[in-house]
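Trainee: I should like to learn how the features of a two-chain model are read. May we take them one at a time?

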Protein chains: 2
Amino acid sequence: MTDDLLEEAQLIVPVGYRRMEWFTGFGRQIGPLYYRDNDDGTYVRAFPVCEHHTNGMGNCHGGMLMAFADMAFGHAITRKVNRYWVTVRLLTDFLSGAKRGDWVEGSAEVVGEEDDFFSVKGRIWVGDRTIMTGTGLFKALGERPKRK
Amino acid sequence: MTDDLLEEAQLIVPVGYRRMEWFTGFGRQIGPLYYRDNDDGTYVRAFPVCEHHTNGMGNCHGGMLMAFADMAFGHAITRKVNRYWVTVRLLTDFLSGAKRGDWVEGSAEVVGEEDDFFSVKGRIWVGDRTIMTGTGLFKALGERPKRK
């Protein structure tokens, strides 16, 4: 085997993104997933549309976009209060599609907080094209370990 | 290798269910998925919660439930008018969780139709416990090949 083959199979990851180190469960199964945490508290999560994300038409499956939305939007709570959370309600609007090879990005912000319940408004996009918007209600659980 | 090992690794599938023959894309990745089409036009889709469906707490990941909802609810349109479809909007309410090993079932019915847009109301459950309810808006596309 030569190095050429390995290089051809490699993904060009945009600058600033790191791969999520998920080696078990659903996170591993639908990966690879990437993230970029910005110094101002904002963040982006991302994934490249691979064959195992596609529907019968060769585009990103709507179910994958919803699963990604759940992860990408809920993370706003982790960023804001560093707590675990569960999804209570999620509304997703499909505005456009993503093709195989597209680099899909998503982020969200907390827009409401009442006791342990957080309202989040999120968006998923490819380049300058929004492909999904959504709002979610999440319940925060216990504190996460402090980040190093 | 003996037959014993193979039998231990087998899943007991409830009577009437057949495995979906999905060998590509997202459908294969999050499978195995099962279905039961009833003679009266109703249907159930199902999956057993496996390790690759779990979240960090060992329960079924919310993203998996949403992806399953998309497939299980949208199928109501296939059953009703035998057309392809895309998801426009999906609202999912998380009422309870599913554990590893649980047999999760879901179904939906068309409750509204206007031009090519179909409103669908669905439910996902484990045994007699509802774990998710939802409503979806789907756009119907071209006709599917006739079923044999």
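Mentor: Let us begin with contact, which means heavy atoms within 4.5 Å. Please keep in mind that this is a predicted model.

Trainee: With that cut-off, which residues does B:His52 touch, not counting residues up to four places away in sequence?

Mentor: B:His52 touches residues of both chains: A:Gly25, A:Phe26, A:Arg28 and A:Gln29 from one, and B:Gln29, B:Ile30, B:Gly31 and B:Pro32 from the other. The residue sits in the loop between strand E3 (43–48) and H3 of chain B.

Trainee: Is B:His52 buried or exposed?

Mentor: Buried means under 20% relative accessible area. B:His52 has 16% and is therefore buried.

Trainee: How many residues of each chain take part in the interface?

Mentor: On the side of chain A there are 29 residues, in contact with 28 residues of chain B. The two chains bury about 2,500 Å² between them, with 59% of that area on carbon and sulfur atoms. In chain A, the residues that lose the most area to chain B are A:Phe26, A:Gln29 and A:Met66, which together give 24% of what that side buries.

Trainee: How are the two copies related in space?

Mentor: A turn of 180° with a shift of 0.0 Å along the axis lays chain A on chain B, at an RMSD of 0.0 Å. The copies are thus related as by a two-fold rotation axis. In chain A, the C-alpha nearest that axis belongs to A:Leu91, at 2.2 Å. The same surface serves both copies, since 97% of the contact residues of chain A recur in chain B.

Trainee: What is the count of salt bridges between the chains?

Mentor: The rule asks for a side-chain nitrogen of Lys or Arg within 4 Å of a carboxyl oxygen of Asp or Glu. Between chain A and chain B the count is 4, and over all chains it comes to 10. One of the salt bridges joins A:Arg89 to B:Asp93, at 2.6 Å from N to O. That pair crosses from strand E4 of chain A to strand E4 (residues 83–94) of chain B. A:Arg89 is partly exposed, at 37% relative accessibility, whereas B:Asp93 is buried, at 16%.

Trainee: Which residue meets B:Arg89 in a salt bridge?

Mentor: The partner of B:Arg89 is A:Asp93, again with an N to O distance of 2.6 Å. This pair also crosses between chains, from strand E4 of chain B to strand E4 of chain A. B:Arg89 counts as partly exposed at 38% relative accessibility, and A:Asp93 as buried at 16%. A further salt bridge links A:Glu51 with B:Arg28, their closest N and O atoms lying 3.6 Å apart.

Trainee: What does a salt bridge within one chain tie together?

Mentor: Consider A:Arg129 and A:Asp102, whose closest N and O atoms are 3.9 Å apart. A:Arg129 lies in strand E7 of chain A and A:Asp102 in the loop between E4 and strand E5 (103–114), so the pair ties together parts that are 27 residues apart in sequence. A:Arg129 is partly exposed, at 33% relative accessibility, while A:Asp102 is buried, at 19%.

Trainee: How should strand pairing be read?

Mentor: In a regular strand the side chains alternate between the two faces of the sheet. Here, strand E4 (residues 83–94) of chain A runs antiparallel to strand E7 (residues 129–143) of chain A, and 10 bridges join them. Within this pairing, A:Val86 has A:Lys139 as its bridge partner. Strand E6 (residues 117–126) of chain A is likewise joined to E7(A) by 10 bridges and runs antiparallel to it, with A:Phe118 opposite its bridge partner A:Phe138. E6(A) and E7(A) form a hairpin with 2 residues between them, and A:Gly127 in the turn has a positive phi of about 60°.

Trainee: How does the span of H3(A) compare with the expected one?

Mentor: H3(A) has 20 residues and reaches 29 Å from its first C-alpha to its last, close to the 28 Å expected. Of those residues, 17 are buried, so H3(A) is largely enclosed by the rest of the structure.

Trainee: What follows just after H3(A)?

Mentor: A:Asn82 comes there, with a positive phi of about 50°. This residue is in the loop between H3 and E4 of chain A. Leaving aside neighbours within four places in sequence, A:Asn82 is in contact with A:Ile77, A:Glu143, A:Arg144, A:Pro145 and A:Lys146.

Key:
Residues are numbered from 1 along each chain as its sequence is written. Chains are lettered from A and ligands numbered from 1 in the order in which they are written. This is a predicted model: local features need pLDDT of at least 70, side-chain atom pairs count only at pLDDT 80 or more; totals for chains, interfaces and linings use all residues. Side-chain values use heavy atoms; hydrogens and water are left out. Copies are superposed by least squares on the C-alpha atoms of residues with pLDDT of at least 70 in both. Two strands pair if DSSP finds at least two bridges between them. Helices (H or I, at least four residues) and strands (E, at least two) are DSSP runs, numbered from the N terminus. Buried area is the accessible area (1.4 Å probe) that two parts lose on being put together, summed over both. Buried means under 20% relative accessible area, exposed over 50%, partly exposed in between (1.4 Å probe, protein chains only). The expected span of a helix is 1.5 Å times one less than its number of residues.
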